[in-house]
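This report covers one helix pair and the salt bridges of the model shown below.

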Amino acid sequence: MTPPPRDEFDLTPWPVALIGGAAGGLAALAAFPPYGMWMLLPVSLALLSASVLTRSVWVAALASLAWGAAFFIPLTAWANTYAGTAPWIALGVFEALFIVLFGLLARVVLIRRGLCPTSALVVSALWVGVETLRSHAPWGGLPWGASAFALGDSPLLNLGPWIGMAGLSFLVAFLGQMILHGALSLLGRRHRGLTGFAGVWPFALTVGAILATVVVPHPVNRAPLDRPTMTVAGIQGSMERIDPATMVMPDDVFENHLAVTRSTIDSASLEGRQLDLIVWPEDSTGYDPRQDPWMADQLTAASADAGAPVLIGTQAAVGESERLNQSVLYTPDGSTPYAYSKRHPVPFGEYIPYRDFFRTLSDKVDLVSRDMIPGQEVGVMDMGELGVGEDSVGVLICFEIAYDNLVTDAVDSGAEVIVVQSNNALFGDSHEAIQQLAEAKVMAVVSGRSVVHVSTVGQSAIFTPEGRQLDFVDHWEQGAVLADVPLRTGITPAVAGGPWIAVGISALGLVGLLAALSGRRRALAPTPTRRRPRS
């Protein structure tokens, strides 16, 4: 007589699954700035996988939703500043639905394939696929909370220029699967494969992999011939706090940035340093200087005194109902030979999709009175062609630094350094500014380019292609970041691979999922069915 099939592992009771899901989401939150406990991210993914190992699909979905809500709602608390409580919670729950999608897909693989190396690879690839989807859809997506952005202070970031954002996400997810395998073995919840004390091996692999990344070298990335650096000053003029009821920029924003610019020019002159570029943040003028002769004269005079162009951030009206978010270059002769228009406006922050519908959820949508339209050209200033230098400077505005495709576009178009102009005053005292600065650091390493991140109120900093911080100004402080910023021309494997790294890993996950669905192997015995007594 054939013995009944035995479960490969014990199922997670539903109360434990729900609690574990919420705990995993909070652990993921703690992995990100300002908490910075990056080592908890694989643990959080292990808890998520353990929480979906239930016989009930509904319990697995609820546990995944609990993970996503516990992570995304507090992570995006900055949205409450300008959008209000209901839209903020809606954003967090919407992002959490992607975690539900991952949880259900991962459950299919784990329930059918069990806890084996191939299932660990497939589940990790599925994590990359869902994270990539979330980062680019709908309305261009929101990569806030992408796994790699928790790794700014981790040795795992050394792999960034080699494997990119998607590769780092895959690695973190795989380490999470190793923790899951080891924990279930040591807890006596596995009955096949690694059981009992053998569970130390997955933990040893996890620790060994992290330690090995400490000595991973960066790819060869040379500076332009005879131009190893350019001297850049990023101006953080600060301002009065924005009234969240009106979201109107304070009147002192232009004067503050002009004053800090003047003092920075004087300091550089006393030190005998010749500035190559002065960068103001996004929305740092209050009004479009091209429509205000006095403001234009002040910027021209500052540029002439510094002997360097000034890149400012402003808004430009388009027709009666639209606008552009622009970076505009002012030169010593008073011309504006270059302007970059933000390519990725933020939905609900800079434009309102389906305005009539979302007005029924919050009247704050009408605070965005003009919808921002996207620019069409990659932001790269060829200073030689413009007659104001020799360097090639990539330009991104605010949240654009979180999108690896936009960073890759700038590098592929010849950027030797990247500047990011941001206006974090919109988010008050929330953690948005420090989260975005961490994104800038990660992108500097992945792209192999120095990043000069300048905000109206902070945080502002300059990072080298290796992730080293050259200068820093804290939140709500006046000051400038000033450094001889390294220039680079090399293309990292991550940039060379571009979107194909994410596509390839995601395809692995899809193929593994289909194989699990079509295969005959089962890690769980089928639920016994009771025969109904005959009447």
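Helices H1 and H2 run roughly antiparallel to each other, because the angle between them is about 160 degrees and angles over 145 degrees count as roughly antiparallel. The model is a predicted one. H1 spans residues 14–31 and H2 spans residues 40–51, and their axes lie 8 Å apart. The crossing of the two helices, H1 and H2, is left-handed.

On the H1 side, the contact is made by Ala17, Gly20, Gly21, Ala23, Gly24, Ala27, Ala28, Ala30 and Ala31. Their partners in H2 are Leu40, Leu41, Ser44, Leu47 and Ser51. Sorted by type, the residues of this contact comprise nine nonpolar, five polar and no charged.

**Salt bridges**

The count of salt bridges in the model comes to 10. Three of the pairs are listed here with the N to O distance.

| Pair | N to O distance |
|---|---|
| glutamate 95 and arginine 134 | 3.1 Å |
| lysine 441 and aspartate 153 | 3.1 Å |
| aspartate 429 and arginine 241 | 3.0 Å |

The pair of glutamate 95 and arginine 134 joins two helices: glutamate 95 belongs to H5 (residues 85–113) and arginine 134 to H6 (residues 117–136). The two residues are 39 residues apart and link distant parts of the chain. Are glutamate 95 and arginine 134 buried or exposed? Both are buried.

In the second pair, lysine 441 is in helix H14 (residues 432–447), while aspartate 153 is in the loop between H6 and helix H7 (160–186), so the bridge ties together parts that are 288 residues apart in sequence. Lysine 441 counts as buried because its relative accessibility is 17%, under the 20% limit. Aspartate 153 has 62% relative accessibility and therefore counts as exposed.

The third pair connects two loops. Aspartate 429 sits in the loop between strand S9 (417–422) and H14, and arginine 241 in the loop between strand S1 (229–236) and helix H9 (253–270), so parts that are 188 residues apart in sequence are tied together. Aspartate 429, at 54% relative accessibility, counts as exposed. Arginine 241, at 51% relative accessibility, also counts as exposed, the cut-off being over 50%.

Beyond these pairs, which residues are linked in a network of salt bridges? Arg227, Asp391 and Glu416 are linked in this way.

Conventions: Residues numbered from 1 in each chain as written. Predicted model: local features only at pLDDT ≥ 70, side-chain atom pairs only at ≥ 80, totals over all residues. Heavy atoms only, no water. Axes fitted to C-alpha atoms, helices over the stretch in contact; angles between N-to-C directions. Helix = DSSP H or I, 4+ residues; strand = E, 2+ residues; numbered from the N terminus. Left-handed = near helix turned anticlockwise from the far one by under 90°. Contact = heavy atoms within 4.5 Å. Nonpolar A, V, L, I, M, F, W, Y, C, P; charged D, E, K, R; others polar. Salt bridge = Lys/Arg side-chain N within 4 Å of Asp/Glu carboxyl O. Buried < 20%, exposed > 50% of the residue type's maximum accessible area, 1.4 Å probe, protein only.
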